[in-house]
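Hi,

Here's the structure I said I'd pass along. Have a look at it first, and my notes on the aromatic side chains follow underneath.

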Amino acid sequence: MPASIQIFAGKAAFAHVQKNGLQAADIALIPAAAGGPKGLILQGLDQWLFGEWLAAAPRQRTLIGASIGAWRMAAASCANPVAAFQRLADLYCEQQYPEKPPAALVTQEISQLLQGFIGGYEDEIVTNPLQHLQILTNRGRGLLTSPTTATQAKAGFASAALTNLLSRDALARHIERVVIGNRAGASAWLEKPFDHFKTHLCDLNTDNLAPALLASGTLPLVMEPVRQIPGAPAGTYWDGGMIDYHLALPYERIQSGADKCDAGLVLYPHFTDRIIPGWLDKALPWRRAGKGRHRSWVDNVIMISPSAEFVRQLPRSKLPDRQDFFHYGLNHALRIQQWKIAIAESARMRDDLAAFIAQPDMSQVRLLNH
């Protein structure tokens, strides 16, 4: 097994790669998980995948993400994805906050980050003829429809957390899914209901790109909610990871899509070896994609994630994460330095995946839905 990566595949994907190898032309969809700074560890992989490997086999592809995953897929949709991923990582690392920053300040900082990231690139992201970007956001219902104070929002999310503990399906009473993207990349597999969450599909344009990306990464209670997204249903918007943390979606529909552009495999660069459905499911080990009634959803998925050995060699033997803001406190320079060291190490993941593609060894691949 390559030292830096783990490779997982659903049953159909395993059989396909065993017979045909892993070919860029076969990749129809790339999901990208929420997870804040953890997503930075994929930069070397992202730059190579979108800047070289996938670019050498152009075809229409759906790119779908939540929170930092949506930001990564926006970078992939730029005319120069290598530069865009670098821009995103640099701006993300440079975030600096005082102790206990108010929600308004965090929202302002993230808004400025996004402006620096996509400002001037909106049109090429939205009109990319091959990369069809889909941004996942969540719209509040019930107590979360339009909270006017932090206390009301806390009550709404406390109620949602309790409901989710009892039943993920019942969480649909509190939030619903809004997908803002290129409809050509979503219509064939997301329009038909696949879970209990109501799903709205809205067209992405240059006017709503920035607010959609902001909403997708709006951490509940840490940031102010987004009150309106042009072209989307009126309401209050929160982090897309609340419902779709690691994007447990019906990917099997891709391989049987009526549109030939939808037929193919799902390549999932991920920062962990688990697909956790919603943010509130993190502490619930029985909630994992690839198991139970939705086992077939990941049949055509190939997932690449860092190995435990790779993670042990990173600063503090861990991926960058939001807790680092508290660990390093006001020592911003040290946190930024440590994050950039981790990001640089991601080149090893790139090299190991490229080696596997050049000479596939199926003994390195574990079944994702076993």
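Tyr92 is buried, at a relative accessible area of 6%. Keep in mind that this is a predicted model. A search of the whole structure turns up 9 aromatic pairs, and one of them joins Tyr92 to Trp339. Their rings sit 6.2 Å apart centre to centre with 35 degrees between the planes, which makes the pair tilted. In sequence the two partners are 247 residues apart: Tyr92 belongs to helix H4 (residues 81-93) and Trp339 to helix H13 (residues 332-358), so this pair links distant parts of the chain. Trp339 is buried as well, with a relative accessible area of 2%.

Next, the pair formed by Phe157 and Trp238. Here the ring centres are 4.8 Å apart and the planes stand at 90 degrees, so the pair counts as edge-to-face. Phe157 comes from helix H7 (residues 150-166) and Trp238 from strand S7 (residues 237-238), so the contact between the rings ties together parts 81 residues apart in sequence. Are these two buried or exposed? Phe157 has 9% relative accessibility and Trp238 has a relative accessible area of 2%; since buried means under 20%, both are buried.

Back to Tyr92 and Trp339 for a moment. Both belong to a cluster in which ring pairs link Trp71, Tyr92, Tyr97, Phe325 and Trp339. One member, Trp71, is among the buried residues of helix H3. That helix covers residues 68-76 and is mostly covered, with 9 of its 9 residues buried. Besides Trp71, the buried residues of H3 include Arg72 and Met73, along with Ile68 and Gly69.

A couple of arginines may interest you too. Arg335 lies over the face of Trp339, at 4.7 Å from the ring centre. Arg87 does the equivalent with Tyr121, lying over its face at 3.8 Å from the ring centre.

Finally, on confidence. The average pLDDT for the chain is 93, and 95% of the residues score at least 70. Where does pLDDT stay under 50? That happens over residues 257-262, for which the model has 10 contacts beyond four places in sequence.

Cheers

Key:
Residues are numbered from 1 along each chain as its sequence is written. This is a predicted model: local features need pLDDT of at least 70, side-chain atom pairs count only at pLDDT 80 or more; totals for chains, interfaces and linings use all residues. Side-chain values use heavy atoms; hydrogens and water are left out. Rings of Phe, Tyr and Trp (its six-membered ring) pair if their centres lie within 6.5 Å; planes under 30 degrees apart count as stacked, over 60 as edge-to-face and the rest as tilted. Helices (H or I, at least four residues) and strands (E, at least two) are DSSP runs, numbered from the N terminus. Buried means under 20% relative accessible area, exposed over 50%, partly exposed in between (1.4 Å probe, protein chains only). A charge sits over a ring if NZ of Lys or CZ of Arg is within 6 Å of the ring centre and within 35 degrees of the ring normal. pLDDT is the predictor's confidence in each residue, from 0 to 100. Contact means heavy atoms within 4.5 Å.
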